[in-house]
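This report walks through a single model, beginning with two loop residues and ending with a helix and its surroundings. Please keep the sequence and the structure in view while reading.

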Amino acid sequence: MKDRIRLIMESERLTPSAFADRLQLGRAVVSHILNGRNNPSLDVVTRILSKMNYINPDWLITGTGN
């Protein structure tokens, strides 16, 4: 899932800090996800899907679909 989150950040042209700010998350949370230390929590996934409603939930969670 971290690779798909990276793709979202690239398509939105967001730095990790700007991505965290947009989702109202701590910057360390995003950093730990991108570095593979932690998997995204349900809260992180929910925030991504609510703030960026054009993202397919199946794609974000499983990688299937667009």
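## Loops, first helix and core

Gln-24 has a relative accessible area of 57% and is therefore exposed. This residue belongs to a predicted model, and its place is in the loop between α2 and α3. The phi of Gln-24 is near 55°, which is a positive value in a residue other than glycine. Most residues other than glycine have a negative phi.

Arg-13 also deserves a look at its backbone. Arg-13 sits in the loop between α1 and α2, just after α1, and takes a positive phi of about 55°. Because its relative accessibility is 78%, Arg-13 counts as exposed.

The table sets these residues beside two helical ones, Arg-6 in α1 and Pro-57 in α5.

| Residue | Relative accessibility | Class |
|---|---|---|
| Gln-24 | 57% | exposed |
| Arg-13 | 78% | exposed |
| Arg-6 | 34% | partly exposed |
| Pro-57 | 39% | partly exposed |

Both helical residues can also be placed by distances to residues elsewhere in the chain. Arg-6 and Ile-33 are separated by 27 residues in sequence, while their C-alpha atoms are 9.8 Å apart in space. Pro-57 and Val-45 lie 12 residues apart along the chain, with 8.7 Å between their C-alpha atoms.

Which residues of helix α1 are buried? In this helix, which spans residues 2–12, the buried residues are Arg-4, Ile-5, Ile-8 and Met-9. Since these residues cover an arc of only 145° around the axis, they are on the same side of α1. An α-helix has 3.6 residues a turn, so residues three or four places apart point the same way. On the other side of α1, the exposed residues are Asp-3, Glu-10 and Ser-11. The cover over the buried residues of α1 includes α2 (16–23), α3 (27–34), α4 (42–51) and α5 (57–62).

The packing of α1 against α2 can be described further. Two packed helices are described by the angle between their axes and the distance between the axes. In this pair, the axes of α1 and α2 come within 10 Å and cross at roughly 95°, which means that α1 is roughly perpendicular to α2. From α1, the residues Ile-5, Ile-8, Met-9 and Glu-12 meet Pro-16, Phe-19 and Arg-22 of α2. Of the residues in this contact of α1 with α2, 5 are nonpolar and 2 are charged, and no polar ones take part.

Some residues of this contact return in the interior of the model. The largest nonpolar core is made up of 18 residues, and those with the most contacts inside it are Ile-5, Ile-8, Phe-19, Ile-48, Met-52, Ile-55 and Leu-60. Two or more residues of this core come from each of the elements α1, α2, α3, α4 and α5.

What does Ile-5 touch, not counting residues up to four places away in sequence? With those neighbours left out, Ile-5 touches Phe-19, Ile-33, Leu-34, Pro-40, Ile-48 and Leu-60. Ile-5 thus draws several threads of the report together, being buried in α1, taking part in the contact with α2 and ranking among the residues with the most contacts inside the largest nonpolar core.

Key
Residues are numbered from 1 along each chain as its sequence is written. This is a predicted model: local features need pLDDT of at least 70, side-chain atom pairs count only at pLDDT 80 or more; totals for chains, interfaces and linings use all residues. Side-chain values use heavy atoms; hydrogens and water are left out. Buried means under 20% relative accessible area, exposed over 50%, partly exposed in between (1.4 Å probe, protein chains only). Helices (H or I, at least four residues) and strands (E, at least two) are DSSP runs, numbered from the N terminus. The arc is that of the directions from the helix axis to the C-beta atoms. Contact means heavy atoms within 4.5 Å. Axes are lines fitted to C-alpha atoms, for helices over the stretch in contact, and angles run from 0 to 180 degrees between N-to-C directions. Angles under 35 degrees count as roughly parallel, over 145 as roughly antiparallel, 65 to 115 as roughly perpendicular and the rest as oblique. Ala, Val, Leu, Ile, Met, Phe, Trp, Tyr, Cys and Pro count as nonpolar, Asp, Glu, Lys and Arg as charged, and the others, Gly among them, as polar. A nonpolar core is a set of buried Ala, Val, Leu, Ile, Met, Phe, Trp, Tyr and Cys residues joined through side-chain atoms within 4.5 Å.
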